[in-house]
Each structure stands twice: as structure tokens, then as C-alpha cells.
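Reader: Could you walk me through one part of this structure in detail, please? I would like a close look at a single helix, and then at what surrounds it along the chain.

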Amino acid sequence: MTLALNLLMPVMLAGISLYAMCKRVDVYDGVIHGAAEGLSVIYRIAPPLIALMTAIAMLRASGALELASHALSPLLTALGIPAETVGLLLVRPISGSAALGVGADIIKTYGPDSEIGRVAAVMLGSTETTFYTVAVYFGAAGIKKTRYAIPAALCADFVGFCAAALAVRIFF
């Protein structure tokens with residue numbers, strides 16, 4: 001089984017190359033053209049990504065995320081969302097890697113089988129890094145005005161957070 005999996009990619013690449021050669025397609029030129037397109041996409045999406053990562057680092061370093069976490073805690077507790085997950089709620093729409101870090105801290109502190117650990121895990125799986133996604137995909141497509149995309153996505157994230165807390169209460 002592992003031999004078949006190890007050979008899957010080389011066989012697939014060889015098969016695609018042979019098929020292209022039979023159709024008299026210049027494979028090398030196609031690869032070079034694809035690489036050039038990939039570089040142009042990187043050129044378009046790099047500035048929004050750098051700005052986003054800088055903003056996250058500034059929010060963490062300034063303590064603004066911690067302050068917002070304390071301010072929102074009572075409201076989220078009333079909604080049935082554990083107060084300990086507030087940091088995750090604030091970071092998840094901005095950065096997936098930061099959210100994984102916060103989620104790992106929550107699970108390390110409260111345990112993977114605790115209600116808080118389960119809610120954090122379900123939240124990570126049921127929400128999106130909204131601003132990252134908008135920066136990458138809208139930037140790659142050259143869209144400058146997001147209109148209702150960000151508010152709608154943030155509403156969907158909020159519903160995902162509430163549904164995650166509810167699902168953990170119902171199923172566990």
C-alpha cells in the first residue's frame with residue numbers, strides 16, 4: 001500500500017507528461033508559463049498578506065487583543081460561549097496560525113476532553129480566517145471593493161462560533 005502511495009505522484013506526473021507529448025504540447029513551455037503566472041499572483045497578494053501579518057503582530061504586542069478579550073467576556077458567556085475562548089474568537093477571523101496557537105494554548109490549559117477544549121477545537125474547524133481569505137482571493141482576482149463580503153463573512157463566523165458552543169453542549 002505504501003509503495004503505491006509513494007509512486008502515485010511520479011506516475012501521475014509521467015502520465016500527464018506522456019499525454020501532453022502525444023498531443024504535441026510543449027510541456028516545458030507550459031510549466032514555464034504556469035510558473036510565471038504563479039509569480040504574478042504572488043506579486044499581487046504579497047502586499048495585503050504582509051499588511052495583515054503586521055497588524056496581527058501589532059495587536060498582540062500592544063495588548064489590544066487581551067483588553068478586548070476581557071471586555072467581551074460577559075457578553076459571550078451570556079450567549080453560551082465559554083469566556084476562555086474569547087481570544088480565539090478575536091484572532092480566528094484575522095489569522096489561522098495565530099488562532100491555532102491560541103487554540104493549542106486553550107487545549108493545553110483546559111485539556112482536549114474538557115468542554116472548553118472541545119469548543120475551541122470545533123470553533124477552529126467551523127470558522128474561517130475571513131480577512132486572510134479576503135486578502136488572498138480578492139487580491140489575486142484584483143478586487144478592491146469588498147462591499148458586503150466582509151460583514152457577511154464575519155456574521156457567518158459569529159454563527160459558527162455560537163453553533164460550535166451549542167454543538168458541544170448537545171453532543172458531549
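Author: Happy to: what follows is a look at helix 3, and after that at some other parts of the chain. Please keep in mind that this is a predicted model.

Let us begin with length. Helix 3 runs over residues 64-78. With 15 residues at 1.5 Å a residue, helix 3 should span 21 Å, and its end C-alpha atoms are 22 Å apart, which agrees. Helix 3 also has a kink of about 45°, placed at Leu72, and the proline Pro74 comes shortly after that point.

Which residues of helix 3 are buried? They are Leu65, Ser69, Ser73 and Leu76. Helix 2 and helix 4 are among the elements that cover these buried residues.

Now for the surface. Leu72, the residue at the kink, belongs to a nonpolar patch together with Leu75, Leu79, Phe158 and Val159. Together these residues have about 430 Å² of accessible area. Helix 3 supplies at least two residues of the patch, and so does helix 8 (149-171). Leu79, another patch member, sits in the loop between helix 3 and helix 4 (86-91). Its relative accessible area is 40%, so Leu79 is partly exposed, a class that lies between the 20% limit for buried and the 50% limit for exposed. Also just after helix 3 comes Gly80, with a positive phi of about 90°.

Helix 1 makes a good companion to this picture. Helix 1 covers residues 2-22, and for its 21 residues the expected span is 30 Å; the end C-alpha atoms are 30 Å apart, which agrees. Helix 1 bends too, by about 40° at Leu8, with the proline Pro10 following within four residues. As for burial, the number of buried residues among the 21 of helix 1 is 1, so this helix lies largely in the open.

After helix 1 comes Arg24, whose phi is positive. The value is near 60°, in a residue other than glycine. Arg24 lies in the loop between helix 1 and helix 2 (27-62), and it counts as exposed because its relative accessibility is 78%. Arg147 also has a positive phi, of about 50°, although it is not a glycine. You will find Arg147 in the loop between helix 7 (130-141) and helix 8. With 65% relative accessibility, Arg147 counts as exposed.

Two buried residues round off the tour. Gly117 is in helix 6 (residues 115-126), and at 1% relative accessibility it counts as buried. Leaving aside residues up to four places away in sequence, Gly117 touches Ile107, Gly111 and Pro112. Between Gly117 and Thr133 there are 25 Å in space, C-alpha to C-alpha, for a separation of 16 residues in sequence.

Thr129, in the loop between helix 6 and helix 7, counts as buried, with 7% relative accessibility. Its contacts, again not counting residues up to four places away in sequence, are Arg92, Pro93, Ser95 and Gly96.

To come back to your helix: helix 3 has a kink at Leu72, buries Leu65, Ser69, Ser73 and Leu76, and shares a nonpolar patch with helix 8.

Notes:
Residues are numbered from 1 along each chain as its sequence is written. This is a predicted model: local features need pLDDT of at least 70, side-chain atom pairs count only at pLDDT 80 or more; totals for chains, interfaces and linings use all residues. Side-chain values use heavy atoms; hydrogens and water are left out. The expected span of a helix is 1.5 Å times one less than its number of residues. The bend at a residue is the angle between axes fitted to the seven residues ending there and the seven starting there. Buried means under 20% relative accessible area, exposed over 50%, partly exposed in between (1.4 Å probe, protein chains only). Patches are made of residues with over 30% relative accessible area and no salt bridge: like charges are joined within 9 Å, nonpolar side chains (Val, Leu, Ile, Met, Phe, Trp, Tyr) within 5 Å. Accessible areas come from the Shrake-Rupley method with a 1.4 Å probe; for residues, only the protein chains shown count as cover. A salt bridge is a side-chain nitrogen of Lys or Arg within 4 Å of a carboxyl oxygen of Asp or Glu. Contact means heavy atoms within 4.5 Å.
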